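Here are some exercises to work through with the model open beside you. Try each task yourself, then read the solution.

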Amino acid sequence: MVPNVDLRKMQQFLTIVEQNSFTKAAEKLHIAQPALSIAIKKLEDAVGVPLIDRKANSFEITAAGKDFVKHCKICLNHVERAVWSARSISNGNIGTLDIGFVSSTAHTVLPQKLPILLKKYPNIKLNLMESTSNDIIRMLLDAQIDVGLLRGPLDLPAEIEIIKLARDEFVLMVANNHRLLDCLQVTPTVLSTENFIMYSTNSPLRNSALMFCKDNQFEPAVAQEAIQIQTVAVMVGCGLGVALVPKTTVPGIKGAVEFINLDYFSHQFNTEIYMAKKKDHNSTLLDELFSFR
């Protein structure tokens, strides 16, 4: 049986947490403090556990209350989106689409896919959020976004489904005055003596790059680490090392860097671009977007 939890009381509870004060929350909500206290007690009764530990002159949010805060925010966000979507459809629009993406897809997948969708549905509202692959997966599971654009290989939860959009080969990024630019043949043996700027731990791009190196029988000497490709480019341009980057990201990389094709390397292991969504999350817009392969 679903508890009879009032959305208004959830918002009141969030306001208390945000203001860290019953008095300030009551003022912001334009209600009397005793009425606010009664409302929160009714909310606790509906939830079935204490959310606030009341003391003589203060209070603390319980462990259950802190967890409830997270779910309240998600729930209220969904209600807001549902109302907006219903009104949009009633007005002749189709709704909204929240998209999370890793930065390395910004110059590839987004320019390819979004213009097609916007041409067919000019009145849709798109919310774009740049993040890491792990955060995008979490947001998909929490239904904070509708679709994610990711790089792999990925170890995905069973609740997530994906389609592969592209396979991307690695190229070598070096400073624009690097000696390798004059090298007639860049080989794995040559790269085994170079310092590398590598992607941060647990990054799918890092895993792909390391698998690429292993397949070509050399171990990169990691000198520095970074999260974003553009940050990697800055470090490479400063002469701190070389880096492996997906070929499709080259047009969007700025800085004092050049790129070398790795023609004498095995490209069995590369990085792939995926579109992901939660299996039980469906809509007209998602169906359309997933059809644009």
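**Exercise 1: A three-stranded sheet**

Find valine 174 and name the residue that stands opposite it in E11.

*Solution.* Valine 174 stands opposite glutamate 258 in E11. The model is a predicted one, where local features need pLDDT of at least 70, side-chain atom pairs count only at pLDDT 80 or more, and totals for chains, interfaces and linings use all residues. Residues are numbered from 1 along each chain as its sequence is written, and side-chain values use heavy atoms, with hydrogens and water left out.

Next, look at the strands themselves (strands are DSSP runs of E with at least two residues, helices are runs of H or I with at least four, and both are numbered from the N terminus). Strand E7, residues 170-175, is joined to E11 by five bridges, and the two run antiparallel. Two strands pair if DSSP finds at least two bridges between them.

Now work out the whole sheet: it is open, has three strands in the order E10-E7-E11, and its pairing is antiparallel. Strands E10 (243-246) and E11 (257-261) are at the edges with a single partner strand each, so one side of each lacks a neighbour in the sheet. From one strand to the next, the twist averages 40 degrees.

Finally, add the helix. H9 (residues 229-237) packs on this sheet and touches E7, E10 and E11; contact means heavy atoms within 4.5 Å. The direction of H9 makes about 45 degrees with that of E7. Axes are lines fitted to C-alpha atoms, for helices over the stretch in contact, and angles run from 0 to 180 degrees between N-to-C directions.

**Exercise 2: A five-stranded sheet**

Give the strand order of the open sheet that five strands form.

*Solution.* The order is E4-E3-E5-E12-E6, with mixed pairing. At the edges are E4 (125-130) and E6 (160-168); each has a single partner strand, so one side of each is left without a neighbour in the sheet. Direction ignored, neighbouring strands are turned by 20 degrees against each other on average.

Then zoom in on one pair: six bridges join E3 (residues 96-101) to E4, and these strands run parallel. Phenylalanine 101 has glutamate 130 in E4 as its bridge partner.

**Exercise 3: The whole chain**

How many helices and strands are there in the chain?

*Solution.* Count ten helices and twelve strands. The radius of gyration is 25 Å, well over the 19 Å from the globule rule for 293 residues, so the chain is more spread out than a compact globule. This radius is taken over C-alpha atoms, and the rule is 2.2 Å times the number of residues to the power 0.38.
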